[in-house]
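Please follow the strands of this protein from sheet to sheet, and then turn to a group of charges on its surface.

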Amino acid sequence: MIKVVKFGGSSLASADQFMKVGSIIRADEARRYVVPSAPGKRFSDDTKVTDMLYHCYDLAERGQAFTKQLNQIKDRYNEIIRGLKLDLSLEEDFETIKKQFISKAGSMYAASRGEYLNGKIIAKYLGYEFVDAANAIRFHKDGSFDADTTNKLLAERLENIERAVIPGFYGSMANGTVVTFSRGGSDITGSLVARAVNANLYENWTDVSGFLVADPRVVKNPEIIHTITYKELRELAYMGASVLHEDAIFPVRQAGIPINIRNTNAPDEDGTMIVESTCRIPAYTITGIAGKKGFVAVNIEKEMMNSEVGFGRKVLGAFEDNGISFEHMPSGIDTMTIFVHQDEFAEKEQQVIADINKATHPDSIELESDLALIAVVGRGMRSTRGTAGRLFSALAHAHINVKMIDQGSSELNIIIGVDNEDFNDAIHAIYDMFVVSQL
């Protein structure tokens, strides 16, 4: 049994948190490969080390003094080292970082040092071998990720290492230039390591006990999703639900490796299992609810639209020509509605309208702004009759006007559009109908 374990920044923010992590790893012999993030916030008003590094490098790049800021970062790490009573010094590493900052090695190099230094500490604390991600995770010259080379390098580097720590978030080009993933990219590193060592399970430890049925900022104490498929996760993540970096899904999904989201501060809880497929019957008809605000609906009407070949392509071409992607496109016989992000559309709305008029000569074009989209997702919806009826009944009883309905052919999700001001009430109504009523 081989497990890859990734720990987020909040899990490694202090010596006390390191001790919790150490206990978790030592409790299971299968937890052989560890991927750490940089230290996160110790308390609500604290600053993440990655943000401190960005700020410090920004001063260096502008030719300003940055020694004070770099020493503050050093103090954060030394506080952890002292708390763990380790015989470890990072003085040489900080001297190297200082020189690289002066020579303007780049903001990606600066940001990567948070994980690099934390990796050294946890490797020392656990007695594991430290493997620099710069030597095993490869990026192309243009900065894009090189998946094939990475899988080969990682597999070769870890083949004969029984237990290792591989810092998250970064890798390098062939010439040694450090490149980072987007923020939260340590999740991706963990996924890549799991695939490279052909792990049985990828455990992603964070500060929540898994995915929740609804956003806790909207619904108080929502239920935990115990098992979710990759397809369901993709639908929810697309609509804003986030515990795991979206790009972390693909490497392990391709290799058939499940992901377990766990809580460092509640290690006895099972968390959420993310799997390719499952025969487990979901606890509720729906798996989760997620949504986003800030959309505009572009309603296009033209008599006999359905018989005009290429009409839809011409309409979408107007958005494409202006660099605007669309989210959803419900349509009728003589109508078509395009949902787009309002902030992207607002600056170019008149040009888009002009292009649509020129290309299709519609009878009318109307805009409806300040809309929200909510996705109701669940594999249980396929085998349950009346799901849509219950959904719209719940919204009707909450006096919420539905602006749009879109259901995919997979029967995995239903997406509705409502006014921004009805967003929270709509999610509450749906949660009460499908979860609270079934408790």
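Two strands are taken as paired if DSSP finds at least two bridges between them. In this predicted model, an open sheet built on that rule has six strands in the order β12-β13-β11-β14-β16-β15, and their pairing is antiparallel. The edges of this sheet are held by β12 (326-328) and β15 (404-407), each of which pairs on one side only. Between neighbouring strands of the six-stranded sheet, the average turn is 40 degrees when direction is ignored.

At the β12 edge, the contact with strand β13 (residues 335-341) consists of two bridges, and the two strands run antiparallel; Phe-326 has Val-340 of β13 as its bridge partner.

A further open sheet contains eight strands, arranged in the order β3-β4-β2-β1-β7-β9-β10-β8, and here the pairing is mixed. Because β3 (129-130) and β8 (227-229) stand at the edges with a single partner strand each, one side of each is left without a neighbour in the sheet. For β8, three bridges make the connection to strand β10 (residues 272-275), and these two strands run parallel; within this pairing, Thr-227 is matched with Met-273 in β10 as its bridge partner.

Which residues form the negative surface patch? The patch is made up of Glu-301, Glu-303, Asp-363 and Glu-366. One of these residues leads back to the six-stranded sheet, since Glu-366 is found in strand β14 (residues 364-377), and β14 stands between β11 and β16 in the strand order given above.

Conventions: Residues are numbered from 1 along each chain as its sequence is written. This is a predicted model: local features need pLDDT of at least 70, side-chain atom pairs count only at pLDDT 80 or more; totals for chains, interfaces and linings use all residues. Side-chain values use heavy atoms; hydrogens and water are left out. Patches are made of residues with over 30% relative accessible area and no salt bridge: like charges are joined within 9 Å, nonpolar side chains (Val, Leu, Ile, Met, Phe, Trp, Tyr) within 5 Å. Accessible areas come from the Shrake-Rupley method with a 1.4 Å probe; for residues, only the protein chains shown count as cover. A salt bridge is a side-chain nitrogen of Lys or Arg within 4 Å of a carboxyl oxygen of Asp or Glu. Lys and Arg count as positive and Asp and Glu as negative; His and the chain ends are not counted. The place of a charge is taken as NZ of Lys, CZ of Arg, CG of Asp or CD of Glu. Helices (H or I, at least four residues) and strands (E, at least two) are DSSP runs, numbered from the N terminus. Axes are lines fitted to C-alpha atoms, for helices over the stretch in contact, and angles run from 0 to 180 degrees between N-to-C directions.
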